[in-house]
Amino acid sequence: MAGEFEENNLHHATNADDLDTRILGVDAVFKYKGLFLFAEYFARHRKPEISPVFDSNGFHAQAGYFILRDRLEVAARWAGYDPSSLIPDDDRKEVGGVVNYYVNKHNLKIQGDFRRLDDDARRTKTKELRLQTQVVF
């Protein structure tokens with residue numbers, strides 16, 4: 001389990017309405033015999049120079065399991081955040097599944113995921129399929 005704090009004051013950095021941002025976060029990881037659980041939460045507070053102060057909180061959770069030890073992993077992912085507490089019904093969410101095949105650990109792996117992205121502000125539900133490989137030499 002871990003926690004983090006970030007402060008990033010950009011007031012007067014440009015001629016726009018620059019933000020002073022503070023983020024508090026916590027996360028936890030659990031691994032046991034091929035099972036992997038991960039969760040994190042961020043509480044973000046934003047203070048523009050001119051506009052009203054707002055919060056923008058988010059979370060991410062993932063659970064995975066190696067079906068074949070060190071070779072084939074499946075996982076499920078769930079995430080979301082609220083871009084601005086000043087705007088009702090503007091949340092963004094993600095839910096999806098993942099398959100990873102490790103040919104030579106992280107040096108050579110094939111990854112695929114399918115996820116649905118919900119944007120409440122735009123009233124859209126987008127589906128995304130990704131396939132990628134990683135080669136390290």
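In the predicted model, F66 is partly exposed, with a relative accessible area of 22%. The aromatic partner of F66 is Y102, and this residue counts as buried at 8% relative accessibility. The ring centres of F66 and Y102 lie 5.7 Å apart and the planes meet at 40°, so the pair is classed as tilted. Because F66 belongs to strand β5 and Y102 to strand β7, the pair ties together parts of the chain that are 36 residues apart in sequence.

A pair of aromatic rings is described by the distance of the centres and the angle of the planes. The count of such pairs in the model comes to 3. One of them is formed by F30 and Y32, with stacked rings whose centres are 6.5 Å apart and whose planes differ by 25°. F30 is partly exposed, at a relative accessible area of 43%. Y32 likewise counts as partly exposed, at 49% relative accessibility.

The strand pairing around β6 was examined next. Strand β5 comprises residues 58–68 and runs antiparallel to β6, to which 10 bridges join it. Within this pairing, A61 stands opposite W78 of β6. The two strands form a hairpin with 3 residues between them, and D70 in the turn has a positive phi of about 60°. Strand β6 is also joined by 10 bridges to strand β7, residues 92–104, again in an antiparallel arrangement. Here the bridge partner of A79 is E94 in β7.

A75 is one of the residues of strand β6, which spans residues 72–81. The relative accessible area of A75 is 12%, and because buried means under 20%, A75 is buried. Beyond the residues up to four places away in sequence, A75 touches Q62, A63, G64, G96, G97 and V98. The C-alpha atom of A75 is separated by 9.1 Å from that of D113, although the two residues are 38 apart along the chain.

D113 itself takes part in a salt bridge. The model contains 13 salt bridges by the count applied here. In one of them, D113 pairs with R130, and the closest N and O atoms are 2.5 Å apart. D113 lies in strand β8 (residues 108–119) and R130 in strand β9 (residues 124–135), so this salt bridge ties together parts that are 17 residues apart in sequence. D113 is buried, with a relative accessible area of 8%, whereas R130 counts as partly exposed at 33% relative accessibility.

Strands β8 and β9 are also linked through E128 and R115. These residues form a salt bridge in which the closest N and O atoms are 2.6 Å apart. Since E128 lies in β9 and R115 in β8, the pair ties together parts that are 13 residues apart in sequence. E128 is partly exposed, with a relative accessible area of 24%, while R115 is buried, with a value of 15%.

A further salt bridge joins the side chains of R122 and D119, with an N to O distance of 3.7 Å. R122 counts as exposed at 63% relative accessibility, whereas D119 counts as buried at 9%. Salt bridges that share partners also connect R77, E94, D113, R115, E128 and R130 into one network. The network thus includes D113 and R130, the pair described above for strands β8 and β9.

A contrasting case is provided by R46, a residue of strand β3 (residues 35–48). R46 is buried yet has no salt bridge. The nearest side chain of opposite charge belongs to E6 and is 7.7 Å away. A salt bridge requires a side-chain nitrogen of Lys or Arg within 4 Å of a carboxyl oxygen of Asp or Glu, so the pair of R46 and E6 does not qualify. The side chain of R46 does, however, make a polar contact with the side chain of T21, at 3.1 Å. T21 is also among the residues touched by R46 outside its sequence neighbourhood of up to four places, together with L19, D20, V53 and F54.

Methods
Residues are numbered from 1 along each chain as its sequence is written. This is a predicted model: local features need pLDDT of at least 70, side-chain atom pairs count only at pLDDT 80 or more; totals for chains, interfaces and linings use all residues. Side-chain values use heavy atoms; hydrogens and water are left out. Helices (H or I, at least four residues) and strands (E, at least two) are DSSP runs, numbered from the N terminus. Buried means under 20% relative accessible area, exposed over 50%, partly exposed in between (1.4 Å probe, protein chains only). Contact means heavy atoms within 4.5 Å. Lys and Arg count as positive and Asp and Glu as negative; His and the chain ends are not counted. A polar contact is a pair of N or O atoms within 3.5 Å; within protein, one must be able to donate a hydrogen and the other to accept it, and residues adjacent in sequence count only if both atoms are side-chain atoms. Two strands pair if DSSP finds at least two bridges between them. Rings of Phe, Tyr and Trp (its six-membered ring) pair if their centres lie within 6.5 Å; planes under 30 degrees apart count as stacked, over 60 as edge-to-face and the rest as tilted.
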